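Let's take a walk through this structure together, one piece at a time. Have the sequence and the 3D view ready.

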Amino acid sequence: MDDARATGSPPDAAAAAAPWTCPFCTLLCDGFGVDAQPDGSLRLSGSDCPRARAGLAQFTATPDTAATPRINGQPATLDAAVAAAARLLRRSRLPLFGGLGTDVAGARALYRLAERSGAVSDHANGPALFTAARALQDRGGFTTTLAEVRTRADLLVCLTRPSDNFPEFFRRCGVGDTSLLAQRRIVYLGLEPEAALQGLPGVSVETLPLQGGDLFTTLSVLQALCANRPVPGADAALVDLSEALAAAHYAVLVWEPARLGGHGALAAESLHQIVNTLNHATRAASLALGGNDGAGTVQQVFTWLSGLPTRTHCSPLGLEHDPLRHDAALLLARGDVDALLWVSAFHPVAAPDAGLPTLVLGHPDTPACAAESVFIPVATPGIGHAGHLFRTDGTVLMPLRALRGESLPGVAQAVAAITAAFESVERVETA
Ligand code: SF4
């Protein structure tokens, strides 16, 4: 496991001088700094983003050297914990890899271990990933980047309040910067706008009520109107919006898969159809906000390595992708899996207590669950080690730099060590 400790070296001077990329949401802002305070805390500078501040509050300027692996609740060496993790996976006939809060290197290592151990994998944000992937698989879509929104989008239609979960969204999009665009119109469907938008130069903000009080109905009506199909009883405001969408130079529909609920893929499909229709005559796109805590990154990495996204079982018979059957919550509730590997490197999130042998690779402050068998504390990408994450627009891979040197392994190093030990452990047949 000596290699696993290699991330403990302090970041070099060039890396320390590079901009910090915030890993706490998929906007991955790289224009802010972090100052170490005399009391040991890390303070964000250049932004008052509450999400980043909360994220940084989970760490001190001095790494927690007291973080120790555990086996059955007792302190253990890292090598012993790795060996116990490998034995746990060897005993399992169908392990679940859940949480999956990690970066590109961690995801690559996890996929390799999933292949070796015959695991099924699902991210903690699996339902939102499923909503986005299902709509894209069924209909395809025109998507955009933050840079295009910033320089070209004169009409934003928001199906969510973007800055609730992505606090710097409007600043990243240059909203209020009239040197980029003199005028922007922002329309919320059934939602109150964020107060921070009021009074920004060149920005008009309004809310339209949902037709029939329902988002799916509203999108369906809007879709028909954009296709020039008459809709008896359509709200006049929606008729006006369809005309504004057709007249816009570049309309962008902003949505958040995690906020669409259980049958969100239906609404997402309508949204994609609106964009598709508009592109026959003008330019329009959708922008999905999501993929936090490594969700978007793991989805990309698993897909490029195997051709299939998460919720895939690496079975001895081959890859079985079933986004409904391989929902982690469902697998746990039904008792279809017999071990859990839980990964949460960004936040101290406890593993679900499913009564299964549980191996946790987590933030050092992760609370133990009752079934915890092995715990290995890991460093956080962008705090304790360098790494890479995909931005919310999916086409930009952002480098992360370490804020401080740590002795803890990253997820990639810990999983690589477990995989090596797994290969050398004799398979233990269960009764
Ligand atoms: S908006 Fe997201 S990436 Fe930007 S500073 Fe806040 S948490 Fe970090």
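Start with a single pair of residues: G33 has S45 in strand 2 as its bridge partner. Keep in mind as you look that this is a predicted model. The pair belongs to a ladder in which strand 1 (residues 33-36) and strand 2 (residues 42-45) run antiparallel, joined by 4 bridges. Together, strand 1 and strand 2 make a hairpin, with 5 residues between them. In that turn you will find G40, which has a positive phi of about 95°.

Next, turn to the ligand. There are 14 residues around the ligand, and those that come nearest are C22, C25, C29, C49 and E168. By character, the shell around the ligand consists of 11 nonpolar, 1 polar and 2 charged residues.

Now for the sheet. Strands of a sheet pair through backbone hydrogen bonds, either parallel or antiparallel. Here, 9 strands form an open sheet with mixed pairing, and their order is 4-3-16-15-14-5-6-12-13. Strand 4 (74-75) and strand 13 (318-321) each have a single partner strand, so at these edges one side of each is left without a neighbour in the sheet.

Within this sheet, strand 14 (residues 339-344) pairs with strand 15 (residues 358-362) in the parallel sense, over 5 bridges. Among the residues involved is V343, whose bridge partner in strand 15 is L361. Helix 3 (residues 78-91) packs on the sheet, where it touches strand 3 (70-71), strand 5 (95-101), strand 14, strand 15 and strand 16 (372-377). The direction of helix 3 makes about 135° with that of strand 16.

Terms used: Residues are numbered from 1 along each chain as its sequence is written. This is a predicted model: local features need pLDDT of at least 70, side-chain atom pairs count only at pLDDT 80 or more; totals for chains, interfaces and linings use all residues. Two strands pair if DSSP finds at least two bridges between them. Helices (H or I, at least four residues) and strands (E, at least two) are DSSP runs, numbered from the N terminus. A residue is near a molecule or strand if its C-beta atom, placed from the backbone, lies within 6 Å of it. Ala, Val, Leu, Ile, Met, Phe, Trp, Tyr, Cys and Pro count as nonpolar, Asp, Glu, Lys and Arg as charged, and the others, Gly among them, as polar. Two residues are in contact if their C-beta atoms, placed from the backbone, lie within 7 Å. Axes are lines fitted to C-alpha atoms, for helices over the stretch in contact, and angles run from 0 to 180 degrees between N-to-C directions.
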